[in-house]
Amino acid sequence: QYVVVSWQNIPFLGWLSFYGTWDVEKGEGERHQAERVEDFKLDPRGALVFRGNRPPMPLSSVDMLDGGPYKHKDFANKGPHLVYNKTRQDAVLLDDVAYDSVMVQLLVGQPDQGLINKYFELVVEGTPHVRVYRVR
């Protein structure tokens with residue numbers, strides 16, 4: 001069996017989680033944050049600085065996807081995680097649950113370490129746009 005993870009699905013993670021956790025009896029699901037952001041700069045101390053009057057937003061981490069080596073930076077802040085696809089100039093803010101999801105970690109994580117390597121074998125490396133894994 002194979003798993004394909006694609007950047008195109010990351011911005012829809014909020015809706016995917018909502019319908020993926022839908023409880024038919026309760027008539028509700030859990031929606032996790034996956035919000036596209038634009039017009040910002042990244043402060044080296046780990047804050048997203050927006051143009052205009054919106055206050056800076058502290059970040060827990062940043063993942064920079066540009067097709068090169070893995071680039072991840074953790075900050076001592078409490079806040080969302082920024083995942084930035086440099087080749088598409090596209091950025092998404094994710095809450096902890098969305099960021100830790102299998103879909104996100106398979107796309108942004110290091111495929112040769114941790115739980116990814118234990119359960120999945122990378123067979124096609126197309127970061128930042130797509131990765132294909134074989135399930136072990």
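A polar contact is taken here as a pair of N or O atoms within 3.5 Å, where, within protein, one atom must be able to donate a hydrogen and the other to accept it. The structure analysed is a predicted model.

Under this criterion, the side chains of Thr-127 and Glu-125 are joined by a polar contact of 2.4 Å. A further polar contact, of 2.8 Å, links the side chain of Thr-127 to that of Arg-131. Thr-127 itself is located in the loop that lies between strand E10 (120–126) and strand E11 (130–135). Despite this loop position, Thr-127 has a relative accessible area of 16% and is therefore classed as buried, the cut-off for that class being under 20%. When neighbours within four places in sequence are set aside, the residues in contact with Thr-127 are Leu-65, Gly-67 and Leu-107.

Strand E9 was examined next. This strand spans residues 90–94 and is mostly covered, with five of its five residues buried. The burial extends to both faces of E9: Asp-90, Val-92 and Leu-94 are buried on one side, and Ala-91 and Leu-93 are buried on the other.

Strand E9 pairs with strand E2 and with strand E8. With strand E2 (residues 34–37), E9 runs antiparallel, and four bridges join the two. In this pairing, Leu-93 of E9 stands opposite Glu-35. The pairing of E9 with strand E8 (residues 81–85) is likewise antiparallel and comprises five bridges. Here Asp-90 in E9 is the bridge partner of Asn-85. Strands E8 and E9 form a hairpin with four residues between the strands, and in this hairpin Gln-89 adopts a positive phi near 55°. Asp-90 thus combines a bridge to Asn-85 with a buried position on one side of E9, while Leu-93 is buried on the other side and faces Glu-35 across the pairing.

The pocket analysis gave a volume of about 230 Å³ for the largest pocket. This pocket is lined by 13 residues, of which Gln-105, Gln-113, Gly-114, Leu-115 and Ile-116 are the closest to its centre. Two elements, helix H3 (102–108) and helix H4 (114–119), each give two or more residues to the lining. By class, the lining of the largest pocket consists of six nonpolar, six polar and one charged residues.

Terms used
Residues numbered from 1 in each chain as written. Predicted model: local features only at pLDDT ≥ 70, side-chain atom pairs only at ≥ 80, totals over all residues. Heavy atoms only, no water. 1 Å grid on protein atoms, 1.4 Å probe; cavity = no way out; pocket = protein on both sides within 12 Å on 5 of 7 lines; lining within 4 Å. Points joined across faces, edges and corners; volume = space filled by probe spheres on them. Nonpolar A, V, L, I, M, F, W, Y, C, P; charged D, E, K, R; others polar. Buried < 20%, exposed > 50% of the residue type's maximum accessible area, 1.4 Å probe, protein only. Pairing = 2+ DSSP bridges. Contact = heavy atoms within 4.5 Å.
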